[in-house]
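Thanks for coming. I will walk through one model today, starting with a single residue and working outwards.

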Amino acid sequence: MESIKKGVVYLLLAVLVVTQLYPLLWLILYSFKTNEEILSGSFFALPQNPRFANYTEAYEAGNYLQYLFNSVFVTVITMVVVIILASMTAYAISRFRWKLAPVALLVFLLGLMIPMQATLLPLMTMFSKIDILNTRWSLILPYIAFQTPVAIFIMSGFMKGIPHEIEESAFMDGASVYRIFRSIIMPISVPPIMTVCILTFINIWNEYILAATFISSERFKTLPFGVNSFVSQYAVNYGNIGAFLVMGAIPVILIYFILSERITKGMVAGAVKG
Amino acid sequence: MNVLKVRWWTIGIFVLPCLLLYIMMVFVPIVVSGYNSLMLWDGIGPNKTFIGLENYRNILFNDPYFWPAVKRTLMYAVFSMLEIPVTLLFAILINRYVRRGNTLVSIYFMPVILSVVIIGQLWKTIYNPLDMGGMINGILNSIGMEEHMTAWLSSPKFAMYSLYIVSLWQYFGYHLLIQYTGVQNIPTDIYEAAKIDGADGFKADRYITLPLIVPVFKISIVLAFIGSLQAFDLIMVMTGGGPAHATDVISTLMYNSTFQEYKYGYGSALAMTLVIICLVFTVLINSVFKRVENKVS
């Protein structure tokens, strides 16, 4: 009886592996097929001769490296600034004695409920007025702002738990608040900083709508936007499209393979606290 | 609990850079949106006419696409929330029967980390008609159900359901991970004590797992709910709200009336409506759960 139950459970879990992974595997197979093979409609066939030319063609036709560079640039800057700004604010909110601290926290928390797409239009008019529309800054600034609420929430939660004695003794030794923040609080706060890094990375690396709305020149397109414009441009070149999609997915998949445990932990922490 | 008493300008140095940027990028736009929502304006010309609440009145009473979009948004939320009990069941099963459950869960999690563009374009090719190499139609064809083949995304009848499926597929791993972590965090000695009292298997789940999982369950429900209210980019990538408005939700309606039809005032009013709906429902769902939690504990 118990073994039948076990068998049923394993079968269910296996089916789930197939439904969750098969579409991704299918895309990889697809990316090695010729147009004829794709159009023949046999959905489980392996490609006859893996067509690597799909990749070289897609690479030559699209600006893959440019997109990749833009995504790295935007994501890294956003991550660094979010960590600096959010940890400073979280420190002030959780450790300083001031009446408005809970209000400040509430203001940031309110931001968690505001849908980013509602700000698209006013941000666009604002950016075109100060002439930064269609630059990397038009992405980085709102990205930072929309990542700070979760970051502050996670970090202030952690910083509240740091024992006060550490700070007090440093204070007695004549260290300034800035010094304490930099040399004591920041090094202790590495775990929540990692969590924030992961959340910011996943969110910003994959962001599409802001990029598609604010960026128009090829030079500044990020990877998701670049992939999407490649796909709509080469609409019938199925093999190349498949290859470009795989290339678009590879960076984040690689990072996931290396850091999967950290990423899943970080995402849970972000969800639980967000 | 806050120990350090520092001068006010020290607080300023720590808080202001972040707060100012945040206000400029999040709050100012919302206020500007609120102001524009009272205007008749095409976004380009200087002609801004104050028309009061006319835009809102038109949204609520004259826009043939608004209420269907609200209905789809809510359906989205309902489907996403119905998924959570399923993920909880799987979490319990994995926790009980699989030794290295973490690895399995992180496999299920894969689709979550991919960009909505990759997911959307991948599923577009999956839904393609047979003569464009679509997978679903290929399967139907090879098992002899040719009569059920359709161009899924260009059929007004099926397009929205096709989108729901993609969302459910992508976020299954996310909620499974959250529930699994929750189940794992329940101390095992409670189960051992229950076993001595004669409760194990599903009986133990009924009296131990379920009550203790409520807070984690709530997190998933809230996330699924808010996520679906804001559901937007997947639809933009896959259908853009079409065919013939069949997949419009509130956000796509807003985006298209702003950036396609240049009705900026009207689009702003839709944006404000979305913000209000999000705020109201977030408060509502939190208070519902407060009641449930009080009853359970």
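Take F50(B) to begin with. Apart from neighbours within four places in sequence, F50(B) has contacts with L38(B) and M39(B). This is a predicted model, so read every value in this talk as computed from it. F50(B) belongs to strand β2 of chain B, which covers residues 49-50. Buried or exposed, then, is F50(B)? The residue counts as exposed, at 56% relative accessibility, because the cut-off for that class is over 50%. There is also a distance to note here: F50(B) and N36(B) are 14 residues apart along the chain, and their C-alpha atoms are separated by 8.8 Å.

The second residue is G240(B). It sits in a loop of chain B, the one between α10 (233-238) and α11 (250-259). Its relative accessible area is 23%, so G240(B) is classed as partly exposed. Which residues does G240(B) contact, once neighbours within four places in sequence are left aside? They are I235(B) and N256(B). For G240(B) and N256(B), the separation is 16 residues in sequence and 8.4 Å in space, C-alpha to C-alpha.

Now chain B as a whole. Its secondary structure consists of 12 helices and two strands. Read from the N terminus, the order is α-β-β-α-α-α-α-α-α-α-α-α-α-α. Chain B is more spread out than a compact globule, because its radius of gyration is 24 Å, well over the 19 Å given by the globule rule for 297 residues. The C-alpha trace spans about 75 × 75 × 35 Å along the principal axes of chain B.

How much of chain B is buried? Of its 297 residues, 54% fall in that class. As for contacts in chain B with a separation of 6 or more, 67% come from residues 24 or more positions apart. Chain B exposes about 13900 Å², and 66% of that is supplied by carbon and sulfur atoms. On charge, chain B carries 19 positive and 16 negative side chains, with the centres of the two sets 10 Å apart.

On to chain A. Here the count is 13 helices and zero strands, so the order of elements is quickly read out: from the N terminus on, every entry in α-α-α-α-α-α-α-α-α-α-α-α-α is a helix. The radius of gyration of chain A is 24 Å, whereas a compact globule of 274 residues would have one near 19 Å. Along its principal axes, the C-alpha trace of chain A spans about 75 × 70 × 30 Å.

Buried residues account for 54% of the 274 in chain A. Of the contacts in chain A between residues at least 6 apart in sequence, 73% join residues at least 24 apart. The exposed area of chain A is about 12200 Å², with carbon and sulfur atoms supplying 69% of it. Chain A has 17 positive and 13 negative charges, and their mean positions are 8 Å apart.

Last topic: salt bridges. How many are there over all chains? The count is seven, and I will go through three of them.

One is in chain A, between E167(A) and R95(A), where the closest N and O atoms are 2.6 Å apart. E167(A) lies in helix α8 (residues 164-172) and R95(A) in helix α4 (residues 64-95) of chain A, so this pair ties together parts that are 72 residues apart in sequence. Both E167(A) and R95(A) are buried.

Another one in chain A pairs E57(A) with R51(A), with 3.1 Å between the closest N and O atoms. E57(A) is partly exposed at 30% relative accessibility, and R51(A) is partly exposed as well, at 26%.

The third is in chain B: E54(B) and R57(B), with the closest N and O atoms 3.6 Å apart. Why are E54(B) and R57(B) separated by about one helical turn? Because they are three residues apart in helix α2 (residues 54-62) of chain B. Here too the side chains have some exposure: E54(B) counts as partly exposed with a relative accessible area of 31%, and R57(B) as partly exposed at 46%.

That is the end of the walk-through. I am happy to go back to any of these residues on the screen.

Key:
Residues are numbered from 1 along each chain as its sequence is written. Chains are lettered from A and ligands numbered from 1 in the order in which they are written. This is a predicted model: local features need pLDDT of at least 70, side-chain atom pairs count only at pLDDT 80 or more; totals for chains, interfaces and linings use all residues. Side-chain values use heavy atoms; hydrogens and water are left out. A salt bridge is a side-chain nitrogen of Lys or Arg within 4 Å of a carboxyl oxygen of Asp or Glu. Buried means under 20% relative accessible area, exposed over 50%, partly exposed in between (1.4 Å probe, protein chains only). Helices (H or I, at least four residues) and strands (E, at least two) are DSSP runs, numbered from the N terminus. The radius of gyration is taken over C-alpha atoms; the globule rule is 2.2 Å times the number of residues to the power 0.38. Contact means heavy atoms within 4.5 Å. Accessible areas come from the Shrake-Rupley method with a 1.4 Å probe; for residues, only the protein chains shown count as cover. Lys and Arg count as positive and Asp and Glu as negative; His and the chain ends are not counted. The place of a charge is taken as NZ of Lys, CZ of Arg, CG of Asp or CD of Glu.
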